[in-house]
Each structure stands twice: as structure tokens, then as C-alpha cells.
Amino acid sequence: MILLEYFRKNNVCHHDKVTPEKDVAYCPNCGELIENQWYITRCSCCGVKLKAIIKNGEVVPEAHYCHNCGFKSFIVERVNKINFIDINYAVLVKAVIKPSVDEITQSWCDVGDAYNPKLIGNY
Ligand SMILES: [Zn+2]
Ligand SMILES: [Zn+2]
């Protein structure tokens with residue numbers, strides 16, 4: 001409960017209710033359209049997969065050096081369809097999609113006044 005209060009006060013949503021099974025979904029907590037994006041990192045020298053983590057909002061390898069060749073630099077690769085092998089290396093980024101003006105108009109007409117998720121959490 002302390003965590004929840006903290007998030008509300010700072011108006012930061014971690015989109016925890018958006019499950020990774022869906023590619024794209026609206027967050028029930030903040031109303032943003034969220035795309036689940038999977039990323040892995042690879043050594044830019046030998047190409048071996050390195051376990052990815054998110055640090056300061058960026059996808060980086062967990063290890064500072066490649067465990068295979070000792071090289072320092074890496075590449076970040078987007079995975080379109082996550083599989084059971086890559087999931088051990090991948091990080092999930094919940095990216096907020098900003099729809100175009102046309103799409104906003106359409107979605108707010110559909111949602112109506114009865115249910116406006118943007119109001120939740122704004123006291
Ligand atoms: Zn959210
Ligand atoms: Zn390497």
C-alpha cells in the first residue's frame with residue numbers, strides 16, 4: 001500500500017496491469033496505450049546473446065563484458081515474437097504509444113464519459 005501511494009503522488013504508472021501476453025493493450029491504471037516490446041542484447045564482437053536489463057531507462061547487458069570473448073560493446077536487438085529461449089535474455093519494455101489525433105478522437109468517442117481511465121489517480 002505504501003508503494004501504491006507513492007506512485008499516485010508522483011503520478012508515475014508502471015503499467016503493471018498490462019500483461020506481457022498481449023502485444024498492445026490499454027493500461028487500466030492510466031489509460032495509456034502500451035506496447036510490450038522485448039529486447040535482447042548481443043555482443044557486437046562475437047554476437048553471443050547477453051542477458052539484458054533496464055538501467056536508467058535504457059536496455060543494456062547485465063554484464064559489463066562479454067562472457068564469451070571479453071568484448072565491451074554490445075548491440076540491442078528488438079524481438080518481435082518472444083520465445084522460450086530468448087525470454088531468459090530479454091527485457092520487457094512497456095512503451096507508451098501516442099496515437100495520432102484521428103485515433104484519439106475515435107477512441108474517446110467509443111469510451112464515453114462513463115469510463116475515463118485518465119481520471120483515476122488524479123485527485
Ligand atoms: Zn499505466
Ligand atoms: Zn563476445
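## Report on a predicted protein chain

The protein chain holds 2 helices and 7 strands. The model described here is predicted. Read from the N terminus, the elements follow the order α-β-β-β-β-β-β-β-α. The chain has 123 residues, of which 13% count as buried. Among contacts in the chain with a separation of 6 or more, 53% are accounted for by residues 24 or more positions apart.

**The nonpolar core**

The largest nonpolar core comprises 10 residues: W38, I40, C43, L50, A52, V59, C66, F74, Y89 and A90. Strand β2, which spans residues 33-43, contributes the most to this core, with 3 residues. Y89, one of the core residues, touches I40, K49, L50, K51 and A52 when residues up to four places away in sequence are not counted. Of these partners, I40, L50 and A52 also belong to the core.

**The hairpin of β4 and β5**

Strands β4 and β5 run antiparallel and are joined by 4 bridges. Within this pair, I53 stands opposite V60 of β5. The hairpin has 2 residues between its strands, and N56 takes a positive phi there. N56 is placed in the loop that links β4 (52-55) with β5 (58-61).

**Two residues with positive phi**

Most residues other than glycine have a negative phi. Against that background, H15 has a phi near 55°, a positive value in a residue that is not glycine. N56 likewise is a residue other than glycine with a positive phi, near 50°. The table sets out the two residues.

| Residue | Phi | Loop | Other C-beta atoms within 10 Å |
|---|---|---|---|
| H15 | near 55° | between α1 (2-10) and β1 (24-26) | 18 C-beta atoms |
| N56 | near 50° | between β4 (52-55) and β5 (58-61) | 5 C-beta atoms |

Both positions lie in loops, but their surroundings are classed differently. N56 is exposed, because 5 other C-beta atoms lie within 10 Å and the class covers residues with 12 or fewer. H15 has 18 such atoms within 10 Å and is therefore partly exposed, since a residue counts as buried at 20 or more.

**Summary**

The chain thus presents seven strands between two helices in sequence order. Its largest nonpolar core draws most on strand β2 and includes Y89. The antiparallel hairpin of β4 and β5 carries N56 with its positive phi, while H15 takes a positive phi in the loop between α1 and β1.

Methods
Residues numbered from 1 in each chain as written. Chains lettered and ligands numbered in written order. Predicted model: local features only at pLDDT ≥ 70, side-chain atom pairs only at ≥ 80, totals over all residues. Core = buried A, V, L, I, M, F, W, Y, C linked by C-beta atoms within 7 Å. Contact = placed C-beta atoms within 7 Å. Pairing = 2+ DSSP bridges.
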